[in-house]
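Please open the model in your viewer and keep the selection tool at hand; the stops below follow one another from charged pairs to the nonpolar interior.

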Amino acid sequence: MAGPRWISQPFDELGVRGLYRALRLRAEVFVIEQRCIYLDPDGLDEHAWHLQGIGQGMGQGADGGEALFAYARLLPPSIGDGAARIGRVITAPTARGGGLGRALMSQALRECERLWPGQPIELGAQAHLREFYGSFGFTPISDVYDEDGIPHIDMRKEATP
């Protein structure tokens, strides 16, 4: 697969197909693969920007068309405690192992800096990914805690001047 095409859209521009692809991938990974039973559409999607890595190949598109290979939800600082927030970070199971997660995070950081310049960025990381997120400048701001049976840690990247 060639690198995905990155699209960042507010909720109202996702369209039915874009929303379906995002919710389907989120359910595939978080609910089915990770066995976390929770209501994924949590009321925040409408306030978020949705970063999508879209491409062709690897059998993802049911009709052979474009498929969603990577996704992250970007929340504005006004939603939380004054920091932008990256969440629902996913790479499709069939697209893992080739650096797509690193490309997704790099793109998510660029988008947050474009949308909300000069703002810190936070995320809730699965604890085993602490070093991965640390490589992007995130540092822990909480102890490890349990979220849906998976150890997590809150992390923050201070604003870049």
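**Charged pairs, then the core**

Start by selecting R24 and E28, which form a salt bridge with their closest N and O atoms 3.9 Å apart; a salt bridge here is a side-chain nitrogen of Lys or Arg within 4 Å of a carboxyl oxygen of Asp or Glu. This is a predicted model, in which local features need pLDDT of at least 70 and side-chain atom pairs count only at pLDDT 80 or more, while totals for chains, interfaces and linings use all residues. Residues are numbered from 1 along each chain as its sequence is written, and side-chain values use heavy atoms, with hydrogens and water left out.

Both R24 and E28 lie in helix α1, four residues apart, about one turn of the helix; helices (H or I, at least four residues) and strands (E, at least two) are DSSP runs numbered from the N terminus.

Next select D45 and R73, whose side chains meet in a salt bridge at 3.1 Å, N to O. D45 lies in the loop between α1 and β2 and R73 in strand β3, so the pair ties together parts that are 28 residues apart in sequence. Adding R26, D40, D42 and R88 to D45 and R73 shows one network, joined by salt bridges that share partners.

Finally, turn to the largest nonpolar core (buried Ala, Val, Leu, Ile, Met, Phe, Trp, Tyr and Cys residues joined through side-chain atoms within 4.5 Å, buried meaning under 20% relative accessible area, exposed over 50% and partly exposed in between, with a 1.4 Å probe and protein chains only), which has 33 residues, with L74, I86 and F138 making the most contacts inside it. Strand β3 gives the largest share of this core, seven residues.
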